[in-house]
Amino acid sequence: MRLTVNHVTRYSFGAPIARLIQSQRLTPSRCANQQVQSWEVRMEGATRGAAFRDGAGDWTETVTVQGPRDHFEIVVEGTVETQDFAGVLQEHREKVPPSAYLTATDLTRPSQGLRELAGRALEGMGAATPLDRAHALSAMVSDTVQYVPGETDQLTPAAEVLEGGKGVCQDQTHVLITLAQLSGIPARYVTGYLFSAAEEHMSEASHAWAELHVPDLGWVGFDASNRCCPDDRYIRLNSGFDAQDAAPIRGVVSGGGGETLDVRVKIRDADDPAAAQAQQ
Amino acid sequence: MAETFNEMVDQGHVREAYRNLEKWQNDMPADLRAMKQNEAEALFRRVGITFAVYGEGGDPERLIPFDMFPRVFTASEWRKLDRGIRQRAAALNAFLADVYDQREIVRAGRVPEHLITHNEAFEKAVVGFRPPRNVWSHIVGIDLVRTGPDQFYVLEDNCRTPSGVSYMLQNREIMMRMFPNLFVENRIAPVDNYADTLRKTLASVAPQKCDRDPTVVILTPGQFNSAYYEHSFLADLMGVELVEGQDLFVEGDFCWMRTTEGPKKVDVIYRRIDDAFIDPLCFRPDSMLGVPGLMNVYRSGGVTICSAPGAGVADDKAIYTFVPEMIRFYLGEAPILENVPTWQCAKADECKYVLENLSELVVKEVHGSGGYGMLVGPKADKATIEAFRAKIEERPWNYIAQPTLALSACPTFVEEGVAPRHVDLRPYCLVGEKIELVPGGLTRVALKEGSLVVNSSQGGGVKDTWVLAE
C-alpha cells in the first residue's frame, strides 16, 4: 500500500514557557517493509540539531524552542510505500543484540499474575515452535486484556493492567512484552501508525505493538490489540524497552505551565481517490 | 589463612623500601608525634576534605583518619604494578569498545552474552556509538591488595567515576608540609602532576568537531554529594569550571555553559553523576541533576562524556572474573596482575570444591555489594556455615567464592607506638590519547588491630603512598 500520514501534535501553554527541548524520533524505520517516498517534520521557530541513528536503528533529532511561547506545533507529513511481510521485520539494520530485550523495566516488571498467565498461555506447548509460542502469547493478551480507553494512564505497569483487565494498545503491548520475556523470548515496544478503513479506529492511528525475537525469522511484530501481525497497513517508527523508552517525543519544558496536548493523526490510502477526496 | 606479609619488616630485616623510614620512626619522640598528628588533623579540617570513598557509605561529613606513616614502594616494585595497571586499563577499554560494537569476545565464546546484556550497567542507548579515540573509561581506579613481596591481586575494577584521588593528593601535600626533610632525604616520585595529566587526558578526547583548545568542565550533582569536595578540588587544580546540570544546556548540535559573557561551548564533560541521571530525555525522566538532550549531543559527536555512559558494564563482579581473559583476547598478552582466584558455584565441579571448603572461603553473592549476603568462612560458626551451605545448594549460580586473603600490613601509628595494620591500594589510571599513571595512589588502612576491613565507614584510614625514584 501507499499510505499518507498527516500527524499534528499541538502543545498549548496556559502560561508562556521560557524554553522547550525535545528528543524526537518521528521518522519511519529503514527496512524492507516500508519505503519512504516523502517525509517531513515541520515546526515553527525551532532550532534543530544533534541528529543521529542509534544502535536500534532509530533516527533521533534534537529540537529546542526559545520562549516566550504559548504554543508549539509539530506537523509530520509524508507518504510511505508499505509491504506485507506477515509481521516479519526485514532488512532492518541494528546493532543491539536481541538478548538486551530480555530485561524488564518498571512498566514491564513481572508479577505473580503475569507469571501464571504466561504459564497458561504456553500450557501443553512444550513441542511447539518459538513462532507458535509467540502467537499463543499474543492471543492470550488479546483474550485477557480488553481494549477499553480511559482505564489506564501512561505509567500503568503491566501487572496493574492485567489486574484491571482493560487498557489501550500501550497496555496490551506491555503485557505481551512481559509474557514474552518470562518465556525467554526477547520482546520490545514499537511505535508507529496504523491505517484503518473504518472510522471508529481513528483514535488508534497513532499505534503501538510488540516485536518478539524468533530464531531464524528475527524480529516479528505482534499487535495484540488487533489480533494480528503488522502488515502493509502499518508504518513503523521506532522501538524501545517500553512505551517510555520508545516514546517518539520526549521533552522538558522550562517555565510557564498549564500544558494541554492535542494530537491529530490521519492515515489514508494514497491510491484511493475516494479517500483523497474526503480529505479535501 | 596464610601469614600476613609485613611490608616493612620481613623475617627480622627492614625491607629496602622502608630503610630510611626506620630511622625517622626511631628518632621521633612520642610528644612530637602527637603534636604532628594533631597538626595533620587540623590541616585536613582546614582544607575541608571530609568525604567517604565511593560506595562506602557512612557519614559523609566525617573526617577520615590520616596515618602519618607512609606506605612505600621501591621503583622496581612499582614497575610491575605500573605495567599491570596500564595493561588492565587498556583491556577494560578494549572490552567496552567491543561490548558496544561487534561483541567479538562473545562470538569467540570467551564471555557469556547474558553477563553483558543482562547487566544493569549495560546501556542500549550507546550500542553502535564510538566515542573519541574509542576510549570508554577515562579514569580507571583499580583496587589492589598485596599478600607477599611479589604477590599482588586485583580486588575490583572501577570504570565509572572512582573517587578518592583528592586524598592521594592531599595526603602528599600535608606530609610535605609537616615533614619537609623526609622529602629531601628520600627521592619520592611526585604525584602533583595528576591534575595536569587529567586535564590533558580529558582534552585529548574532545570531539572531532572541536576545532580549538577544548573546553573541559566537571559536572557535579552538587554540594550535597559526599564527594563534592573532590569535584571542586579537581576543578580548581585543573583550572576548569565546576558545573551543575542547570549551568549547561543543549542547543543545536552542541552543549553550552551559561557564563556572564554569554553561552560558551563545552567540549568535554568529566561527569561525577551516575548514568541514570545524565539526561532525562534518555534515561530517568525525573532526573533534575542532568542536562536534557546531552546524550543526543554526545551520540551525534558534539561533546564527550567521561567516563562514557555504559562503562559500568566492565566493573561488575561477574565480569571481573573475565578480565584476565580480556587481556589475553584483546592484547594478546599474559596478565601481569592476578585476579583473586574465584570459584563459580554455577559450575558443578567448582561448587563441589566450595561446599567442601566453606570454613576457609569467602562466599559472595554475584550481584551483592557492601558486604551483604556474604559468608566469611574463617570467622563464621558452624551453624552459619551450614545455613549458607543450604543457600548455595539451592541457588548455586547466585554465588562465587574466594580464598580469604591475608592482606599485607604496613607500619602504622597507634596508641602504643607503631604497629602493623592491613592495607589496600587504589591507583588512578588515566586513559585518553595515552595511558598515564602517576606513581602512587590511595592507600587505605584498617586501623583496628587484626581487621581486614579498610573501608572508612568501618574504622579505615588513609596514608600517603610513596614510590621511590630509581
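Let me start with where the two chains meet: 23 residues of chain A are in contact with 25 residues of chain B. This is a predicted model, so please hear everything that follows as a description of a prediction.

On the chain A side of that contact, four strands each supply at least two residues: β1, β3 (47-53), β4 (59-82) and β11 (249-254). The biggest giver is β3(A), with 5 residues. By residue class, the side of chain A that touches chain B holds 10 nonpolar, 10 polar and 3 charged residues.

Now chain A as a whole. Its secondary structure amounts to 6 helices and 12 strands. The radius of gyration of chain A is 19 Å, and the globule rule gives 19 Å for 280 residues, so chain A is as compact as a globular protein of that length. Along the principal axes, the C-alpha trace of chain A spans about 60 × 45 × 35 Å. Of the 280 residues in chain A, 46% are buried. If you take the contacts in chain A with a separation of 6 or more, 74% of them are between residues 24 or more positions apart.

Next, the domains. Chain A is split into domain 1, which is written 2-81 + 248-270, and domain 2, which is 84-246. The centres of these two domains of chain A, taken over C-alpha atoms, are 24 Å apart. Their contact draws 23 residues from domain 1 of chain A and 20 residues from domain 2 of chain A.

Which elements give two or more residues to the side of domain 1 of chain A that touches domain 2 of chain A? They are β1 (2-24) and β12 (257-269) of chain A. Of the elements on that side, β12(A) gives the most, with 5 residues. The residues on the domain 1 side divide into 12 nonpolar, 6 polar and 5 charged. Note that β1 of chain A has come up twice: β1 is listed for the side that touches chain B, and β1 is listed again for the side of domain 1 that touches domain 2.

One helix deserves a closer look, namely α1 of chain A, residues 112-121. Buried in α1 are Leu114(A), Leu117(A), Ala118(A) and Ala121(A). Viewed down the axis of α1(A), the buried residues fall within an arc of 100°, so they line one face of the helix. And what lies on the other side of α1(A)? There, Gln112(A), Glu116(A), Gly119(A) and Arg120(A) are exposed. The cover over the buried residues of α1(A) includes three helices of chain A: α2 (130-144), α3 (158-164) and α4 (169-182).

Finally, chain B, briefly. Chain B contains 14 helices and 23 strands. For 470 residues, a compact globule would have a radius of gyration near 23 Å, and the 23 Å of chain B agrees with that. The box filled by the C-alpha atoms of chain B is roughly 65 × 55 × 40 Å along the principal axes. Buried residues account for 47% of the 470 residues in chain B. Among contacts in chain B between residues at least 6 apart in sequence, 70% join residues at least 24 apart.

To go back to the start: the contact between the chains joins 23 residues of chain A to 25 residues of chain B, and β3(A) is the element giving the most on the chain A side. That is what I have for today.

Definitions and conventions. Residues are numbered from 1 along each chain as its sequence is written. Chains are lettered from A and ligands numbered from 1 in the order in which they are written. This is a predicted model: local features need pLDDT of at least 70, side-chain atom pairs count only at pLDDT 80 or more; totals for chains, interfaces and linings use all residues. Domain bounds come from an automatic or database domain assignment. Two residues are in contact if their C-beta atoms, placed from the backbone, lie within 7 Å. Ala, Val, Leu, Ile, Met, Phe, Trp, Tyr, Cys and Pro count as nonpolar, Asp, Glu, Lys and Arg as charged, and the others, Gly among them, as polar. The radius of gyration is taken over C-alpha atoms; the globule rule is 2.2 Å times the number of residues to the power 0.38. A residue is buried if 20 or more other C-beta atoms lie within 10 Å of its own, exposed if 12 or fewer, and partly exposed in between; C-beta atoms are placed from the backbone. The arc is that of the directions from the helix axis to the C-beta atoms.
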